[in-house]
Amino acid sequence: MRPDSRGRCVLWNEANEAMFGVKADVAVGKRFDEFMVPQAAERVNALDRKLLESPMVQETVEVVDIEGRGQRIFQFIRAPIFGADGVVDYIMSSASDITAERARTDELRLASKVFETTADGIMLSDSDDRVIMINAAFSKLTGFGAAEVLGRTVSESPFRAIDPLAYAARMEQLLRDGVVTGEVSRMAKDGMTLSLWLTATCVRDADGRIVNY
């Protein structure tokens, strides 16, 4: 940000080379509009102007077109470096490629939305078959709220099987095949017997261990 070299890159590390596809010998000594796409360069210049007007740490998320990689999402943390006279001499920018992380977040948000809005009652349990999550449809169908089932194994919960022998047979098939379906009877909170079509599945990790039902 010095008057004689304002906007010129003085340091460009290997991580920048990997993320932006620009070598250090191309970037160092150049302004951003000399080696980045115009849209990205103008955005950097706008951020520079804003930081100089109010010298404090900036945090921003930007979408940048990278040649050969398409649109990538970056999180930037930018900070002023002051000279002895109190004037901003440099702006340090730290960039993180969060494209994959943002995609995972979007997928989780969508999965959560589907989980909550589906008409089917869903119960999620851990590797010990201890209930860790139910959806709104489950409570509407059975009358049992989260406080009544969470933290209990399915066999100890108020939604436990009416026929223990049939339940044991289903669990045996579930552990063997990874999935089981069939008609079951369960007791609703109001005492009514529910006839339900049940689908149970195992979720396994990369080593084949069951982590959820």
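Begin by selecting F20, a residue that is buried, with a relative accessible area of 9%. Please keep in mind during the tour that this is a predicted model.

**First stop: F20 and its partner**

F20 lies in helix α1, which covers residues 14-20. Next, select F76 as well, which is found in strand β2. F76 is also a buried residue, since its relative accessible area of 14% falls under the 20% limit for that class. A search of the whole structure finds eight aromatic pairs. In the pair formed by F20 and F76, the ring centres are 6.5 Å apart and the planes meet at 15 degrees, so this pair is stacked. Planes under 30 degrees apart count as stacked, which explains the label. Because F20 belongs to helix α1 and F76 to strand β2, the pair ties together parts that are 56 residues apart in sequence.

**Second stop: F74 and the ring cluster**

Keep F76 selected and add F74. How are the rings of F74 and F76 arranged: stacked or tilted? Their centres are 6.0 Å apart and their planes stand at 40 degrees, so the pair is tilted. Both F74 and F76 are buried. Now extend the selection to W12, F20, F32 and F35: together with F74 and F76, these residues are linked into a cluster by ring pairs.

**Third stop: R78**

Move along to R78, which has its place in strand β2, residues 70-82. Is R78 buried or exposed? R78 is buried, because its relative accessible area is 5%, and the limit for this class is under 20%. Display the side chains of D48 and S93 next. The side chain of R78 makes a polar contact with the side chain of D48 at 2.4 Å, and another with the side chain of S93 at 3.1 Å. To see the wider surroundings, select the residues in contact with R78 beyond its neighbours within four places in sequence. Among them are V44, L47, L51, M56, V57, Q58, I91 and M92.

**Last stop: a patch on the surface**

M92, one of the contacts of R78, also leads to the surface. Select M92 together with V10, L11, I81 and Y90, and display the molecular surface: these residues make a nonpolar surface patch of about 490 Å². Within this patch, examine Y90, which lies in strand β3, residues 88-97. Y90 counts as partly exposed because its relative accessibility is 31%, a value between the 20% limit for buried residues and the 50% limit for exposed ones.

Definitions and conventions:
Residues are numbered from 1 along each chain as its sequence is written. This is a predicted model: local features need pLDDT of at least 70, side-chain atom pairs count only at pLDDT 80 or more; totals for chains, interfaces and linings use all residues. Side-chain values use heavy atoms; hydrogens and water are left out. Helices (H or I, at least four residues) and strands (E, at least two) are DSSP runs, numbered from the N terminus. Buried means under 20% relative accessible area, exposed over 50%, partly exposed in between (1.4 Å probe, protein chains only). A polar contact is a pair of N or O atoms within 3.5 Å; within protein, one must be able to donate a hydrogen and the other to accept it, and residues adjacent in sequence count only if both atoms are side-chain atoms. Contact means heavy atoms within 4.5 Å. Patches are made of residues with over 30% relative accessible area and no salt bridge: like charges are joined within 9 Å, nonpolar side chains (Val, Leu, Ile, Met, Phe, Trp, Tyr) within 5 Å. Accessible areas come from the Shrake-Rupley method with a 1.4 Å probe; for residues, only the protein chains shown count as cover. A salt bridge is a side-chain nitrogen of Lys or Arg within 4 Å of a carboxyl oxygen of Asp or Glu. Rings of Phe, Tyr and Trp (its six-membered ring) pair if their centres lie within 6.5 Å; planes under 30 degrees apart count as stacked, over 60 as edge-to-face and the rest as tilted.
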